[in-house]
Amino acid sequence: MFRALVLEKEPEFRAGVREVDDDFLPEGDVTVAIEYSTLNYKDGLAITNRSPVVRSWPMVAGIDGSGSVIESSSPAWKAGDAVVLNGFGVGETHKGCLAGKARLKSQWLVRRPAAFDARQAMAIGTAGYTAMLCVLALERHGLRAGDGEVLVTGATGGVGSVAVALLHKLGHRVVAATGKAAEAEYLRTLGAAGVIDRAELSAPGKPLQKERWAGVVDAVGSHILANACAQVRYGGAVAACGLAQGMDLPASVAPFILRGVALLGVDSVMAPIHLREQAWLRLSRDLDPRLLQAMSTEIGLDEAVAAAQKLMAGQVRGRYVVRTT
């Protein structure tokens with residue numbers, strides 16, 4: 001028996017921790033002892049039933065997990081291997097990792113870099129791995145240190161916090177946009193050279209605005225993304241990965257056809273394994289593990305439902321790391 005955060009739909013929606021056994025696990029060729037999971041925005045949506053994220057019931061929440069292999073019928077993995085899981089529909093269509101155990105498909109797993117223990121890997125989680133994918137996308141477009149200021153929106157969130165730290169470590173001058181003025185010092189600790197109020201970007205703006213940003217990591221969407229695009233310098237790029245403000249994009253084509261701005265969509269859920277491995281390798285090189293303590297709060301599995309409610313209310317800084325044992 002082990003404990004899991006189970007989401008049930010009938011007779012009405014419920015989210016709670018209970019004891020389950022191995023028969024409750026889904027199909028898969030690798031069984032993992034989960035040491036830590038985490039709470040992402042998508043987990044918050046699922047646990048609070050704010051959006052139809054879950055497609056199969058009952059569901060174990062948790063799109064992220066880190067631990068060690070218990071048993072495997074895949075030649076790629078053996079007992080004792082340290083692994084990380086991010087996305088692939090886990091916690092949505094396949095029972096997830098906010099539990100003491102998870103049964104997963106071997107092709108979903110990434111070997112956990114030796115630079116990180118299980119807790120640190122989940123302080124990074126999907127949010128941090130997505131931030132790294134955004135940085136890689138900007139680099140492929142040509143962004144280099146010294147090109148100019150790089151904007152990070154939603155900067156106190158999981159994606160934003162890691163993006164600020166990564167970009168600073170790589171030599172960029174980072175400007176963080178946040179609606180939480182009290183967190184300015186936290187953002188400077190991560191490496192932000194400047195902090196602006198997100199209100200500067202939140203309202204409808206002109207299709208073309210004063211050129212400022214060499215690049216942007218946006219986890220927010222809607223008007224913030226539109227204004228960010230309108231402020232990108234000629235030939236710059238925006239890596240878009242989130243929709244906290246909304247799924248809409250009330251923008252003009254002007255930045256794209258008059259300034260050659262590129263809008264780079266970043267998906268972390270179904271990203272191919274070679275991109276995942278590259279992202280985790282780069283995280284092990286370019287993210288200072290000492291910052292992970294500052295940007296994460298550890299909680300137990302029993303605290304996850306209340307923490308998810310705080311996450312959806314915008315009351316969270318950085319990352320929740322969930323101890324599953």
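The following exercises, each with a worked solution, concern a predicted model of a protein chain.

**Exercise 1. Overall form**

Determine how many helices and strands the protein chain has, and assess its radius of gyration against the globule rule.

Solution.
1. The secondary structure of the protein chain consists of 10 helices and 16 strands.
2. The radius of gyration is 19 Å, and the globule rule gives 20 Å for 325 residues. These values are close, so the chain is as compact as a globular protein of that length.
3. Along the principal axes, the C-alpha atoms occupy a box of roughly 60 × 40 × 35 Å.
4. For contacts between residues at least 6 apart in sequence, 71% link residues at least 24 apart.

**Exercise 2. Surface and charge**

State what percentage of the residues is buried, and describe the accessible surface and the charged side chains of the protein chain.

Solution.
1. Buried residues make up 57% of the 325 in the protein chain.
2. The accessible surface amounts to about 13400 Å², and carbon and sulfur atoms contribute 50% of it.
3. There are 35 positive and 33 negative side chains. The centres of these two sets are 5 Å apart.

**Exercise 3. Nonpolar cores**

Identify the residues with the most contacts inside the largest nonpolar core, and find which element supplies the largest share of that core.

Solution.
1. The largest nonpolar core comprises 53 residues, and Trp280 and Leu283 have the most contacts inside it.
2. Helix α2 (residues 118-141) supplies the largest share of this core, namely 15 residues.
3. A second core, separate from the largest one, holds 22 residues, including Leu98, Ala307, Leu311 and Val316.
4. Leaving aside residues up to four places away in sequence, the residues touched by Trp280 include Val84, Asn86, Val110, Pro113 and Phe116. Ala121, Ile124, Gly125 and Tyr129 are also among the contacts of Trp280.
5. These last four positions can be compared with the range of helix α2, residues 118-141.

**Exercise 4. The surroundings of helix α6**

Establish how many residues of helix α6 are buried, and list elements that cover them.

Solution.
1. Helix α6 spans residues 222-231, and 9 of its 10 residues are buried.
2. The buried residues of α6 include Ser222, Ile224, Leu225, Ala226 and Asn227. Ala228, Cys229, Ala230 and Gln231 of α6 are buried as well.
3. Among the strands that cover them are β9 (149-152), β12 (213-218), β13 (232-240) and β14 (262-265).
4. The cover also includes the helices α5 (199-202) and α7 (254-258).

**Exercise 5. Backbone geometry**

Locate the cis peptide bonds at Pro11 and Pro58, and contrast the burial of Asn49 and Ser222, two residues with positive phi.

Solution.
1. As a reference, most residues other than glycine have a negative phi, and most peptide bonds are trans.
2. Glu10 and Pro11 are joined by a cis peptide bond with omega about 0°. Pro11 belongs to the loop between β1 (2-8) and β2 (14-20).
3. Trp57 and Pro58 are likewise joined by a cis peptide bond, with omega about -10°. Pro58 is situated in the loop between α1 (41-48) and β4 (59-60).
4. Asn49 has a positive phi, near 60°, and lies in the loop between α1 and β4. Its relative accessible area is 41%, so Asn49 is partly exposed.
5. Ser222 has a positive phi, near 50°, and is part of helix α6. The relative accessible area of Ser222 is 4%; because buried means under 20%, Ser222 is buried.

Technical notes. Residues are numbered from 1 along each chain as its sequence is written. This is a predicted model: local features need pLDDT of at least 70, side-chain atom pairs count only at pLDDT 80 or more; totals for chains, interfaces and linings use all residues. Side-chain values use heavy atoms; hydrogens and water are left out. Helices (H or I, at least four residues) and strands (E, at least two) are DSSP runs, numbered from the N terminus. The radius of gyration is taken over C-alpha atoms; the globule rule is 2.2 Å times the number of residues to the power 0.38. Buried means under 20% relative accessible area, exposed over 50%, partly exposed in between (1.4 Å probe, protein chains only). Contact means heavy atoms within 4.5 Å. Accessible areas come from the Shrake-Rupley method with a 1.4 Å probe; for residues, only the protein chains shown count as cover. Lys and Arg count as positive and Asp and Glu as negative; His and the chain ends are not counted. The place of a charge is taken as NZ of Lys, CZ of Arg, CG of Asp or CD of Glu. A nonpolar core is a set of buried Ala, Val, Leu, Ile, Met, Phe, Trp, Tyr and Cys residues joined through side-chain atoms within 4.5 Å.
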